[in-house]
Amino acid sequence: MNYTAVAGTNKKHEITLYALSTCGWCRKTKELLDSQQVEYRYVHVDQCQGDERTEASAKVRELNPRGSYPTLQIDNEVVVGFDEERILELIQ
Amino acid sequence: MNSPNEQFPPEVVKLYERLNREAKEGGYNLNPDREFTLRLVEALKTNEKRYGYQACPCRLAFGEKQKDLDIICPCDYRDPDLDQYGTCYCSLYVSEDWIAGKLPHKSIPERRPEKLMSEGYSTTHSTTRPLDRSTASLSYPVWRCKVCGYLCARDEAPGVCPVCKAKKDRFERFL
């Protein structure tokens, strides 16, 4: 899978965001991570094609059985939807 | 100062204006955060170009119309989500209470049934509702718009819902 890496000064956590490029809540999640200067990587699943799309959506389902977006993995925790409080708590 | 419209293509602004007008006429509200909403409308255009229909921007479309029929915007889940949370899944459509700040401005749980999330929608399980004896004597079948709940009694569902403009394929046999 092709992840896009985002640099940040907070490198304490391993963070992966599974998002849709068209989704407003996914964008808000990215903006929150950016504003907090955390290092993370993301994939826009709707922009993936063929096998990559299948692989990405299977990965999302593994983390979040509903298969909804955004799905955010912070170390061993999974945050579904734009949950600002929970994200801020986990990235401290 | 730049107007927020300027960063969006004219076709997006035009669609935004049409949706805004239709929402108001139908008793709905688009999200008053104009930039957030224009981005969602732009996403509807993006999905229209990708898939041939305006699939929900906040859900991963299958790319086959029959599988995505329930998540073509406005989706089948807009009204129950507005009733329960004051916002649709994307926060494109919101209620008066939501606008007034009486309800939280955050993302809401996915209502689309899990089976449809993994396998997609299929018209077969919604249009073949078994008809019971009490409705067998009706002189016309009754069709229900799954987007807005409009009902009509006629031989076939209308081509376009006269209330919300949803297409014929969003109707189900109700009685």
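What follows is a walk through a predicted model with chains A and B, starting from the sheet of chain A and ending with the domains of chain B.

The sheet of chain A is a good place to begin. It is an open sheet of five strands, in the order S1-S3-S2-S4-S5, and the pairing is mixed. Strand S1 (4–6) and S5 of chain A sit at the edges with a single partner strand each, so one side of each has no neighbour in the sheet. Going from one strand to the next, the twist averages 20 degrees. As general background, the strands of a sheet pair through backbone hydrogen bonds, and they can do this either parallel or antiparallel.

Some of the pairings can be followed residue by residue. S2(A) and S4(A) are antiparallel partners, with four bridges between them. Here Tyr18(A) faces Thr71(A) of S4(A), while Leu17(A) stands opposite Leu72(A), also in S4(A). On to the next pair: S4(A) is joined by four bridges to strand S5 (residues 77–80) of chain A, and these two run antiparallel. Leu72(A) turns up again in this pairing, with Val79(A) in S5(A) as its bridge partner. S4(A) and S5(A) form a hairpin with two residues between the strands, and in this hairpin Asp75(A) takes a positive phi near 50 degrees.

Then there is the helix that goes with this sheet. H1(A) lies across S2, S3 and S4 of chain A, and it runs at about 155 degrees to S2(A). Helix H1 of chain A covers residues 24–35, and at 1.5 Å a residue its 12 residues should span 16 Å; the end C-alpha atoms are 16 Å apart, so the two values agree. Which residues of H1(A) are buried? They are Gly24(A), Trp25(A), Cys26(A), Thr29(A) and Leu33(A). In general, an α-helix has 3.6 residues a turn, so residues three or four places apart point the same way. The buried residues of H1(A) pack against strand S2 (15–19), strand S3 (40–44) and strand S4 (71–74) of chain A, and also against helix H2 (34–51) of chain B. Just after H1(A) comes Gln37(A), which takes a positive phi of about 60 degrees.

That link to chain B leads to the contact between the two chains. In total, 14 residues of chain A are in contact with 17 residues of chain B. On the chain A side, the residues that touch chain B come to six nonpolar, six polar and two charged.

Chain B itself has seven helices and five strands. Along the sequence they follow the pattern α-β-α-α-α-β-α-α-α-β-β-β. Of the 175 residues in chain B, 35% are buried. Taking contacts in chain B between residues at least 6 apart in sequence, 49% join residues at least 24 apart.

The domain assignment splits chain B into domain 1 (4–122) and domain 2 (127–173). The C-alpha centres of these two domains of chain B are 23 Å apart. How many residues of domain 1 of chain B are in contact with domain 2 of chain B? Six are, and they meet eight residues of domain 2 of chain B. The domain 1 side of this contact in chain B is made up of two nonpolar, one polar and three charged residues.

Terms used:
Residues are numbered from 1 along each chain as its sequence is written. Chains are lettered from A and ligands numbered from 1 in the order in which they are written. This is a predicted model: local features need pLDDT of at least 70, side-chain atom pairs count only at pLDDT 80 or more; totals for chains, interfaces and linings use all residues. A residue is buried if 20 or more other C-beta atoms lie within 10 Å of its own, exposed if 12 or fewer, and partly exposed in between; C-beta atoms are placed from the backbone. Two residues are in contact if their C-beta atoms, placed from the backbone, lie within 7 Å. Domain bounds come from an automatic or database domain assignment. Ala, Val, Leu, Ile, Met, Phe, Trp, Tyr, Cys and Pro count as nonpolar, Asp, Glu, Lys and Arg as charged, and the others, Gly among them, as polar. The expected span of a helix is 1.5 Å times one less than its number of residues. Two strands pair if DSSP finds at least two bridges between them. Axes are lines fitted to C-alpha atoms, for helices over the stretch in contact, and angles run from 0 to 180 degrees between N-to-C directions.
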